[in-house]
Each structure stands twice: as structure tokens, then as C-alpha cells.
Amino acid sequence: MSTHPAPRTAPPDRRPLATHARTFSQVAAANVTRPYPYAPMHLIAGPDDVLAPREQHPAFYGAYDWHSSVHMHWLLVRLLRRYADEIDAEAVTAVLDRHLTTAHLRAEAHYLAAHPTFERPYGWAWLLLLEAECRALGGAAGTRWADALAPAVRTVAALVRAWLPKATYPVRHGTHANSAFALGLVLDSGHPELTAPVSETLLRWFADDHDAPAHWEPSGQDFLSPALTEADAVRRVLAPEAFAVWLDRFLPALGTGSPILVPPTVADPADPQIGHLIGLSLSRAYALRNLAAALPSTDPRTALLRTSAKAHLAAALPHTGSGDFTTDHWLATFAALALESPA
């Protein structure tokens, strides 16, 4: 078994986010520090549970919901690590220092332990990825934030290990509960205790899949492609040659064109659910570029996938800094994934 097959193409632009870094850092910092509007995912069991978001989530109280706050923090750390010369690094560091404290993250860890299905699996995956990004940043700040995140990460790792044996079936739809997308991010986090069980689960769920109904996509509020997201997860756990064979079986029409290669129509970008389709273009671009890089360089699908990814990026990028909180609270993260996936 081999995770993260090496790209077969020329190295991508090393600074693909440079032209967007300042705008994305400003959008992310504004969102993670904005307490309202907020959509709590908290079950109210009694009057004592009616609390302001910041009381329950002192680190991740902003950006409309918990998972968006976590992945917008990830975006800030990513930009600080790779594009510090393009952003106001001092201001970004100050925001992260205020939020990613030992006390705040101990409270987040306690909440996760007390609510074992909260944000499963999407928010869990982003928390693991945030800690990994802090470790990769290193230095005094990155190490401080990663150490503060450690209790919450241990809690999430334990929750993942407890959940996987019970997850008889994957969730395949194109929103937050999608199993393949989250477990792909968990693998990307490199958490040593999770690589084997997550890889085994992905193969258990998906190794025998075939003839994905890609013509059913998209659904009206998807921000993930069920078919492409599954393929992107499987390419992480199969060697390139085996993956190419699996992809032939799973998406047999991909080489001749498919509806999933065409950017979706977004009739109302400001609608909270229809606006998900903007994110679908970005997550498709991310998956398409990853799939193209995982295939042999002679595979005729690679050029088609790259062309489709470029079209999806062109359709979605203008919306990532629109000033509309409905989309601004999350889209920049997916733009970063798409821009920094293999070209």
C-alpha cells in the first residue's frame, strides 16, 4: 500500500497563491474574529446549554460555524508559512496568538470529548490538518500553537479510531458528512496513529466500487463531488498503476467527457445553499488536479482533467473575496486547496 503517490508531472508553481494571499489572509482574519452570525451545531439539552458561541468555543467561535473557523485558522497558518512576505504577518500572528492558546484549546478538547459526534468527520479532519500545518510552520509560534492544539488532536484521534470500526458504510453525498473527503484530509495530516486504520477503511469502503453515477451530479447544494472526492481519497492509498486501473472501473466515461468536468451553474451566489456550488467548482479543481498528477504521464485523461480543473478555477475564483459573508466565511480555504494541488 502506498499513500500520496508522487506526481508524474512537472513541478507546480511554487507560489500559486501569491496573488491571492493578502486578500485571503484579510478575509480569514476578519471571519475568525467575527462572532456573529453563527450557526451552532450544539444540541440544547436544557436551559443551561444556551450559551454564546464564544463561551463554548473560545478558540473557534467565529466564521459562522466551528468547522469553518477551524479551516480558516488553517488557511492563516498556511499563508503565514508559505506567503509571509505577501501578507501582514504580524497581524495574522496576533490573531492566531489570541485564539490558539493552551486554555482555549483545552476547552475545545473538553467539548469534543463530551460531544463525541460533534463535527464528525469534517471538523475533525480540519483540526488534525490545522495542527499539522502549525507543526510544519515550526519556529516559536508554530510550535506553541501545535503544542496547544495537542490535547484536542489527541481527543480527535481517539474519536476517529473509535468511530471507524462502527462506520459500516461511507456517507457519499456532497456536503460536510462526506466520508471520503474527510478521511483524505486525515491522511494528509500525517497523524501516525491514523494512517493505517484510515487507509484500511477507505479500501474497505471503496476498493470494489465501479460505475459511479457521475451523471447524477451535482446535487443542488453540493460543495463536494461524491465521485471525484472518492477517487481523490482512493488515489491516496493505491499505487499509481493500481489507481489507474481502479479509476477505469469507477469512472469509465471520464476519458470521453462527463458532466462532472463542466463547472456547475450558480444561479444565486448569495444563497447559502446554492452558493455551495461555487465551492464545488473549487473542490472539483482540487480533486481533478490531484487525479491528473496521480495518473501515468501517458494517460490520455490527464490533459482532460487539467483542462477541466482550469475551467472550474476560472469559474469560482472571482467569488472568493466577494464581500458577501455567505461565501467569504469558507471559500478561500477551498481556493487554497485547489491552487496548491499539483498542477
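**Close-up views of the protein chain**

**View 1.** Proline 37 lies in the loop that runs between α1 (residues 21–32) and α2 (residues 53–56). In this predicted model, the peptide bond that joins tyrosine 36 to proline 37 is cis, with an omega of about 0°. Most peptide bonds are trans, and this provides the background for the view.

**View 2.** A second cis peptide bond and a positive phi are found in the loop between α9 and α10. The cis bond joins glutamate 217 and proline 218, with omega at about -5°, and proline 218 is placed in the loop between α9 and α10. Aspartate 211 lies in that loop as well, and although aspartate 211 is not a glycine, its phi is positive at about 50°. With a relative accessibility of 49%, aspartate 211 counts as partly exposed, because the exposed class begins only over 50%.

**View 3.** Glutamate 119, in the loop between α5 (102–114) and α6 (122–137), is buried without a salt bridge. Its relative accessibility is 11%, and glutamate 119 therefore falls under the 20% limit for a buried residue. The nearest side chain of opposite charge belongs to arginine 120 and is 10 Å away, whereas a salt bridge would need a nitrogen–oxygen distance within 4 Å. Setting aside neighbours within four places in sequence, the residues in contact with glutamate 119 are Met41, Trp66, His67 and Trp124. The backbone of glutamate 119 has a phi near 60°, a positive value in a residue other than glycine.

**View 4.** Helix α10 (residues 226–234) is largely enclosed by the rest of the structure, because 8 of its 9 residues are buried. The buried residues are Ala227, Leu228, Thr229, Glu230, Ala231, Asp232, Ala233 and Val234, a list that includes the acidic residues Glu230 and Asp232. These buried residues of α10 pack against α8 (179–189), α9 (195–206), α11 (240–250) and α12 (276–294).

**View 5.** The whole protein chain, given here as context for the close-ups, contains 15 helices and 0 strands. Its radius of gyration is 19 Å, close to the 20 Å that the globule rule gives for 343 residues, so the chain is as compact as a globular protein of that length. The C-alpha trace spans about 55 × 45 × 40 Å along its principal axes, and buried residues make up 55% of the 343 residues. Of the contacts between residues at least 6 apart in sequence, 77% join residues at least 24 apart.

Technical notes: Residues numbered from 1 in each chain as written. Predicted model: local features only at pLDDT ≥ 70, side-chain atom pairs only at ≥ 80, totals over all residues. Heavy atoms only, no water. Helix = DSSP H or I, 4+ residues; strand = E, 2+ residues; numbered from the N terminus. Rg over C-alpha atoms; globule rule 2.2 N^0.38 Å. Buried < 20%, exposed > 50% of the residue type's maximum accessible area, 1.4 Å probe, protein only. Contact = heavy atoms within 4.5 Å.
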